[in-house]
Amino acid sequence: MAASVVLEPHNVTTRNSDSPVIASLREVTKKFGQQIALDHLSLELRRGEVVALLGPNGAGKTTAVRLLLGLSQATSGEARLFGGDPRDRASRMRLGAMLQVGRMPETLRVREHLQLFSSYYPQPRPLAELLSVAGLEGLEDRLFGKLSGGQKQRVLFALALCGDPDLICLDEPTLGMDVEARRSMWEQVRKLAAKGKTILLTTHYLEEADALASRIVVLQKGKIIAQGTAEELKAADGSRTIRCTTSLQPGLLSSIPGVISVEHDGGAVLVRTRTPEAVLRSMLAQDVALSGLEVRAAALEDAFLALTNQTGSNAPTL
Amino acid sequence: MATTAAALDLPHTQPSQPRIYFNEIRFELLKLSRNRSYLFSMIGFPVIFYLLFGVTNKAAVFQGHSIARYLLAGYSCFGAMGSSLFGIGAGLAFERGHGWLEMKRASPMPAAAYLLAKLCVSITFAAGITILLMVLGTALAGVHITAVEGLRLLATIMAGVLPFASLGLIVGLLMPSNAAPGVINLIYLPLSFCGGLWMPIEALPHWLQVVAHGLPSFWFARLALRTLGYGQGSAIVAWALLAFYTVVFLLAAAFVFRRQEAQA
């Protein structure tokens, strides 16, 4: 074990714990042949939450989302969406989903795509509002095929919002977006959450989960291995990163008691530890010329890596 | 308009079903009619072939009628088969393969609306091609067809799309999007040739004529040819066989779909 972080997956309190559950997976197992994608997974989404699903590739994030969207059926256990089966069309009336779409009909205009999707829902949002929320103003008459990658992503986002849904699933929503577009999408997600919408997010950008999620659920091998707010996950990890310029060799640094990992960042070293005071005392004693010192709390990335045991090979076993 | 009336009648808890179907059909038609390469291959090929082999051979006679008249039926079938095999098969393979179908299936779109739209648009293309060929045949090859003959041919072509649409469904479900057009051509072209769409089946080797009797394209062509005064045999048998193919292909498509769903 590279890390001895233990979080009780089911006992984490979040500020939404008294809100009604709008979607859930109950003891869901999903097998593909012999391979187990989800292993007795239980997950509840409450009104107003922004839940980020994190996990290494193959952890079961996509499978979990597909079950909630009614695109897949559990081998055992139960998926519920607004009190119904997600596979029933009626249950999906209050759901919006932005999935990863490689290509879609390119000879329809943005307006036409939105018009068609809007007709699926009982109370669609007005076109002008959708265009504004997704940042597509002025592009409504453009053919989809003539849009840039980021603009196409924004059309998919708009399609997810067509029906003014109460639950919005976003699968890697900012993939391929530039920083500015990503920030503005985050802003929209926050606004949706402020309106009481529930958001389920899967993302590879830990920064995105950190910025948006009111609860982060870490999956590995089809199970929830940790969940909580970003702060709780970071605190549970409890590590600090010492950044400095030093002549001390990595081998020596790793041998200091309490050091979890040593990495290089340009001319500086990054030393991760749960006992920064003791480690620093030892480093300062051995290198009086140590400079550029900085100590910071664990990033979500550190917590995530520790949880999923994917720390670098130079990480000693604790 | 029916769609507006339905929208008013229904409470705000349900979207208007007719409007969904109407929109789905309308945008499917718009989508394909803006796609130039699709238009070229779907409408262009039957038209060019008809001009090359039908109009230029208008003096040739087969079973007492001009060959241009024979090929009018043949290329109408050819166009109908193409628009259904490609419109449904390649269209579904593309949308399924690139994740667009997932997006639609996660929405409350009725699955039937999606499939019906593709079918309706295939039928529309088939009818359009048939009308175009009738105009060309009449104007350029001196083919004389009465209004009744024309309408009967049109109706036959439109109904005869069904088995090929069902076959397209199987291809669309099974094939990856980049392989689908190639596979469809491997089905489409032999079916057309052996079914007697490009030349009278009597010109084919005997063994091929025997094989042809097992193909839906042969019975489709036979029905289309009958409307223009060719051939013999029972129309009921031909329709029954086309219905049989449709049912078999639909069952196969349902089987494939269920198996995929179980693994999804």
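Trainee: In what order do the strands of the open sheet of three strands in chain A stand?

Mentor: This is a predicted model, in which local features need pLDDT of at least 70 and side-chain atom pairs count only at pLDDT 80 or more, while totals for chains, interfaces and linings use all residues. Residues are numbered from 1 along each chain as its sequence is written, and chains are lettered from A and ligands numbered from 1 in the order in which they are written. Strands (E, at least two residues) and helices (H or I, at least four) are DSSP runs numbered from the N terminus, and two strands pair if DSSP finds at least two bridges between them. With antiparallel pairing, the order in chain A is S2-S1-S4.

Trainee: Why is one side of S2 and of S4 in chain A left without a neighbour in the sheet?

Mentor: Strand S2 (35–46) and strand S4 (76–81) of chain A stand at the edges, so one side of each is left free because each has a single partner strand.
The twist from one strand to the next, taken between N-to-C directions of lines fitted to C-alpha atoms (for helices over the stretch in contact) on a scale from 0 to 180 degrees, averages 15 degrees.

Trainee: Which helix packs on the sheet that holds S10 of chain A?

Mentor: That open sheet has four strands in the order S11-S12-S10-S13 (chain A), and its edge strands are S11 (259–265) and S13 (291–297) of chain A. Contact here requires C-beta atoms, placed from the backbone, within 7 Å. The helix touching S10, S11, S12 and S13 of chain A, at about 20 degrees to the direction of S10(A), is H9 (residues 276–286) of chain A.

Technical notes:
Two residues are in contact if their C-beta atoms, placed from the backbone, lie within 7 Å.
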